[in-house]
Amino acid sequence: MTDTDGRRWHDMGGQDAGPVCADDHDFALWEKRVDALMVLCGAKGFFTVDGLRRALEDMGEDAFETMSYYERWIAAINQNLIEAGAYTLTELGERMEQIAERGPTYAAAQKAPDA
Amino acid sequence: MPEYVRVKTIMPPGHVRTPAYLRGKTGVIERALGPFSNPEQLAYALPAEKQPLYRVRFTMAELWGTAAEHPTDTLDAEIYGHWLEKI
């Protein structure tokens, strides 16, 4: 269709698609926290769901194939928080390093060093 | 009097809320939904002007041509006013 030339990868309406998976999803704790973080970001005025969607779309089709739903969300949330000035890249990098030192598992990462 | 509109055919490479399959298609205003902040500006953390949002009704024949399974069935989509041209 010549009238849809130039459509972006995420704009899938009307295209052939496979069957819809009707399975229930169970969410990990970290995924629920990502969802809650998005609510907080909106409530605190850092950005809106429009910014989330913009960043998700700009991540491209490869990210859609290789990352899970909430992996894409946390990447898009981070992108928006950096743009909003919530923290600097240096602060983020140093914090990630501190938390990684707690241990290799998510459970270990929950524990603050003095806890 | 039905108010006919045509969705713009533009294809800007950024965040928009108008699906590609509707671009260039003609529909009828089903109702006006009121003014909402323009998501194309909100998406980039820009000050957003209010845009009128409309529910536009398209026939399957208009959207899919002879491939339409039920040509007289309709599809409603919510489209911002700056994407619509009166015809």
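Helices (H or I, at least four residues) and strands (E, at least two) are DSSP runs, numbered from the N terminus. What pattern does chain B follow when read along the sequence? Select chain B and trace it from its start: the pattern is β-β-α-β-α-β-β, with two helices and five strands in the chain.

Before going further, note that this is a predicted model, in which local features need pLDDT of at least 70 and side-chain atom pairs count only at pLDDT 80 or more, while totals for chains, interfaces and linings use all residues. Residues are numbered from 1 along each chain as its sequence is written, and chains are lettered from A and ligands numbered from 1 in the order in which they are written.

**The sheet of chain B**

Keep chain B selected; its C-alpha atoms fill a box of roughly 40 × 30 × 20 Å, taken along the principal axes. Colour the strands next, and an open sheet of five strands appears in the order β4-β3-β2-β1-β5, with antiparallel pairing, where two strands pair if DSSP finds at least two bridges between them. The edge strands, each pairing on one side only, are β4 (74-80) and β5 (84-86) of chain B. From one strand to the next the twist averages 40 degrees, with axes being lines fitted to C-alpha atoms, for helices over the stretch in contact, and angles running from 0 to 180 degrees between N-to-C directions.

Now select residues 4-7 of chain B, which form strand β1; three bridges join this strand to β5(B), and the two run antiparallel. Within this pair, B:V5 stands opposite B:K86.

**The cores**

A nonpolar core is a set of buried Ala, Val, Leu, Ile, Met, Phe, Trp, Tyr and Cys residues joined through C-beta atoms within 7 Å. A residue is buried if 20 or more other C-beta atoms lie within 10 Å of its own, exposed if 12 or fewer, and partly exposed in between, with C-beta atoms placed from the backbone. Select B:V7, B:L22, B:V56, B:F58, B:A77, B:I79 and B:L84, which touch the most other members of the largest nonpolar core, a set of 13 residues. Strands β1, β3 (50-59) and β4 of chain B each give two or more residues to this core, and the largest share, three residues, comes from β3(B).

Centre the view on B:L22, which touches B:V7, B:F58 and B:A77, not counting residues up to four places away in sequence; two residues are in contact if their C-beta atoms, placed from the backbone, lie within 7 Å. A second, separate core has nine residues, including A:M38, A:F47, A:L52 and A:I77.

**Where the chains meet**

Show both chains together: 17 residues of chain A are in contact with 14 residues of chain B. On the side of chain A that touches chain B, α2 (49-58) and α4 (69-84) of chain A each supply at least two residues, and α2(A) gives the most, with five.

**Chain A**

Colour chain A by pLDDT, the predictor's confidence in each residue, from 0 to 100. Chain A averages a pLDDT of 91, and 94% of the residues score at least 70. Among the elements of chain A, α6 (residues 106-110) has the lowest mean pLDDT (89) and α4(A) the highest (98).

Finally, select A:G93 in helix α5 (residues 89-100) of chain A. Is A:G93 buried or exposed? A:G93 counts as exposed because it has 10 C-beta neighbours inside 10 Å.
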